[in-house]
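Trainee: Got a minute? I'd like to go through this structure with you.
Mentor: Sure. Put it up and ask away.

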Amino acid sequence: MSAELAEPASKIELPAGVGGGGEIPTFDVHLRVRRYNPEVSEEATWDDFHLTMYGTDRVLDALHKVKWETDGTLSFRRSCAHGVCGSDAMRINGRNRLACKTLLKDLDTSKPITVEPIKGLPVEKDLIVDMEPFFQSFREVMPFLVNKGHEPTRERLQSAEDRERFDDTTKCILCAACTSSCPVFWTDGQYFGPAAIVNAHRFIFDSRDDAGDMRLEILNDKEGVWRCRTTFNCSEACPRGIQVTQAIAEVKQAILSRKI
Amino acid sequence: MQVHKYDVVIVGAGGAGMRAAIESGQRARTAVLTKLYPTRSHTGAAQGGMCAALANVEEDNWEWHTFDTVKGGDYLVDQDAAEVMAKEAIDAVLDLEKMGLPFNRTPEGRIDQRRFGGHTRDHGKAPVRRACYAADRTGHMILQTLYQNCVKHNVEFYNEYYVLDLLTVEEDAVREDGTPYKQKRVAGVVSYDLASGELHVFQAKSVVFASGGAGKVFKTTSNAHTLTGDGMGIAFRRGIPLEDMEFFQFHPTGLAGLGILLSEAARGEGAILRNSEGERFMERYAPTIKDLAPRDIVARSMANEVREGRGCGPNKDYVLLDLTHLEPAHIDAKLPDITEFARTYLGVEPYTEPVPVFPTAHYAMGGIPTNITTEVLQDNDTVVPGLYAAGEVACVSVHGSNRLGTNSLLDINVFGKRAGIAAAEYAKTADFVELPENPLAYTTELLDIARNGTGDEKVAVIRKELQDTMDANMQVFRTAETLNQVLRDIASFEERYRRINVQDKGKRFNLDLLEAVELGFLLELAKVMTVAALYREESRGGHFREDFPDRNDEKFMKHSMAYKDDHAPADGSAESIAGIRLATKPVVFTRYEPMVRKY
């Protein structure tokens, strides 16, 4: 890759209709949201909302419209609103996705759009689940660099190839979309789950790290990687496009090939 | 009343808060309170890089970095602070690498570096490769790495605990010259547990504010929904001044209509801006470094192109970021996330189509005033013992009137670390300050007013109108007329705010209630920003007054300091506007004399 780029032209002819298509029209959506508030009732219910939405609106915009205009009690987490903070993973039309990254126009708006909390974690209120078990699994895989050598004065060297080896798993935003899409996790909450394994993978395959064996030992546990049934739900659910199932397979392979 | 006792309480778990926690947690009993989960903080949205004069790919040194920071801030930077930041930048990057941050690498295996706006070789001669990066998710990697190291060091977090009040006491004291004054001391904070709706008192010897910015005062913003300026608002209400609040950065390249950030790294990697004529218009505004001029200049140039009728699209209201001359493989390697944003949210393919962009409210240069040790100031010189601030919530001031790209990720690491060490060291010898009588009184009343309101006003409606007027009148171009319009609008919003009606009356995860409280902070801060902008009758960095288009060093080479003062008259006189009193603070000069700022 050359560092220097050719200087671009001062002026160019812009192609017609440049910068995306024209206006995307307004459309109506029927939002069906799973509601639960133990302060009011132990029963979960479905609430229906009919909304008029606009071209670039996402599911999060529809939820905000309900909360801000119709029903302030509707509760969900969100922060960055563009798919990097991981707050708003939810089950949209039966698939785990980030509400802020799912454009309404990409869904079938001729039918109701269902929105539910992610599965396998205790529901606290509406779309909010208890994330503590999820973060507990994350913390258990030693998700930090361990280096036993002398600390250099400058940076540790790492080749671009070695850096690339674990690039995919550095993208994880801990949104839990993968773990809560996993059928094994739904039935066995003790299973570490895909996200924890992804974060172990990120360090196991980092050439600077010295604790790979310890992490492999942790994941060789009966609640570790061997519970994975390779259903690929996790890879499909990941809003960051991480090849989660492949990462789990690489960890399995590493456990099998290492000398104990 | 639930009372927790810690040596150090850190408010906020973004980059500054967690960098502080890693230091403090190893020295003193530390708790971190965050209104989110740590990895949700907006540090994770930062993209392009973190500058440090490592000189890994070309000649560079920290003095050039200091100069660029001072000039970038249009000389309103405190030069002692900029020097600290540029010097300590090198260790800040190396610290992160040793903690595990996966920086992109050079062919030799060193940390790679790339160009960024306003960062130059030898005092402005040409762009320099100074930004260390991890693709275009450098902030994400910093946030993850710091959280990973907090896990490693068993840092104690209270997640989804909103801090709503700062507990202070005032003591009679006498200055060296014999004048009496009220010395503030910090006793702790009051926090609202989102899950249960219960209030908790955290008594602490040291409190570190690291709660981030207030971008949600604007409509078009790169900021998260949760960036409502809580920390600044709390401090201000408790008599701490806010410094340089008129300076807000508008990042040039937000996705048009959405405000989602497209990193300056795109231009660092060679992307350019074009108007509807296909012209590379930055050649006219900054002939030497063109598209890599600092953000205030690029944002203003873009807005000017649109104003003069050379905008693109059906409403001619944006310009284009052109990456089409770059190799797709290069884009994929260096800018994968932001090109994905263009595809996801606008349906534009950056390989072949230019991307519609327009300035987006991005960063508060101002904030809680601190010295270079991150100790909070209650006036120009007086430190509040035990109170610290770092990151966007603070004003140290390394950014002056315009922050250079990458210098915020640097700021949070350098001053976050300093805050963590200083807070813990202070706590080692200090005693707890006795809690004020009935420490929950203020917060209880604040919540009751919001919860029990029976009026007909909706929080979301007032917030939207606030954001609309701020976008229309307090953005890239300002005049006395537009600023006075904002103040009139805010006065009516404040009146309506007393009649809000929060629908959710429950205790559990009542975000409806918290949004009402957050709106209170937004209103307060928007007013401070606008009053300070009205007072500053000059143009400097991110603050551009069309009625005063030149920089005026004689009158305004000084920081503004806004104090909450309920006795300030409502007569609209220059230094006080209903409830706010403005003062000034000298700028610290060390090496550099102010010069005309050209690029």
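Trainee: How many helices and strands are there in chain B?
Mentor: Chain B has 16 helices and 21 strands. Helices (H or I, at least four residues) and strands (E, at least two) are DSSP runs, numbered from the N terminus.

Trainee: Anything to know about the model before I go on?
Mentor: This is a predicted model, where local features need pLDDT of at least 70, side-chain atom pairs count only at pLDDT 80 or more, and totals for chains, interfaces and linings use all residues. Residues are numbered from 1 along each chain as its sequence is written, while chains are lettered from A and ligands numbered from 1 in the order in which they are written.

Trainee: What radius of gyration does chain B have?
Mentor: It is 23 Å for chain B, which agrees with the value near 25 Å for a compact globule of 599 residues. The radius is taken over C-alpha atoms, and the globule rule is 2.2 Å times the number of residues to the power 0.38. Along the principal axes, the C-alpha atoms of chain B fill a box of roughly 65 × 55 × 50 Å.

Trainee: And what share of chain B is buried?
Mentor: Buried residues are 64% of the 599. A residue is buried if 20 or more other C-beta atoms lie within 10 Å of its own, exposed if 12 or fewer, and partly exposed in between; C-beta atoms are placed from the backbone.

Trainee: What does UniProt put at residues 7–409 of chain B?
Mentor: An unreviewed entry lists "domain: FAD-dependent oxidoreductase 2 FAD-binding" there. UniProt positions are given in the numbering used here, feature names are shortened, and annotations may be inferred rather than shown by experiment. Over residues 7–409 the chain is 27% helix and 28% strand. The end C-alpha atoms of that stretch are 27 Å apart.

Trainee: Which residue does UniProt list for the FAD histidine?
Mentor: His42(B), as "modified residue: Tele-8alpha-FAD histidine", again from an unreviewed entry. His42(B) lies in the loop between strand 2 (30–34) and strand 3 of chain B.

Trainee: Is His42(B) buried or exposed?
Mentor: Buried, because His42(B) has 25 C-beta neighbours inside 10 Å.

Trainee: What is His42(B) in contact with?
Mentor: Leaving aside neighbours within four places in sequence, the list is Cys80(A), Gly14(B), Gly212(B), Asn223(B), Ala224(B) and Leu227(B). Two residues are in contact if their C-beta atoms, placed from the backbone, lie within 7 Å.

Trainee: Cys80(A) is on that list. How many residues of chain A are in contact with chain B?
Mentor: 53 residues of chain A are in contact with 64 of chain B. On the chain A side, the elements giving two or more residues are helix 1 (59–70), strand 6 (123–125) and helix 3 (160–165). That side divides into 20 nonpolar, 17 polar and 16 charged residues. Ala, Val, Leu, Ile, Met, Phe, Trp, Tyr, Cys and Pro count as nonpolar, Asp, Glu, Lys and Arg as charged, and the others, Gly among them, as polar.

Trainee: Now sheets. What is the strand order in the open sheet of three strands?
Mentor: The order is 3-5-4 in chain B, with antiparallel pairing. Strand 3 (50–51) and strand 4 (113–121) are the edges, and each pairs on one side only. Two strands pair if DSSP finds at least two bridges between them.

Trainee: How many bridges link strand 4 and strand 5 of chain B?
Mentor: Five, in the antiparallel sense, with strand 5 at residues 126–132. Thr120(B) has Pro127(B) as its bridge partner in strand 5.

Trainee: What about strand 11 of chain B, how covered is it?
Mentor: Mostly covered: eight of its eight residues, 248–255, are buried. Six bridges join strand 11 to strand 14 (residues 355–364), and the two run antiparallel. His251(B) stands opposite Thr360(B) in strand 14.

Trainee: Any odd backbone spots?
Mentor: Most residues other than glycine have a negative phi, and most peptide bonds are trans. Here, a cis peptide bond joins Val396(B) and Ser397(B), with omega about -10°. Ser397(B) sits in the loop between strand 18 (394–395) and helix 11 (407–429) of chain B.

Trainee: Which way does phi go at Tyr75(B), positive or negative?
Mentor: Positive, near 70°. Tyr75(B) is in the loop between helix 2 (62–72) and helix 3 (79–99) of chain B. Tyr75(B) counts as buried because 22 other C-beta atoms lie within 10 Å.
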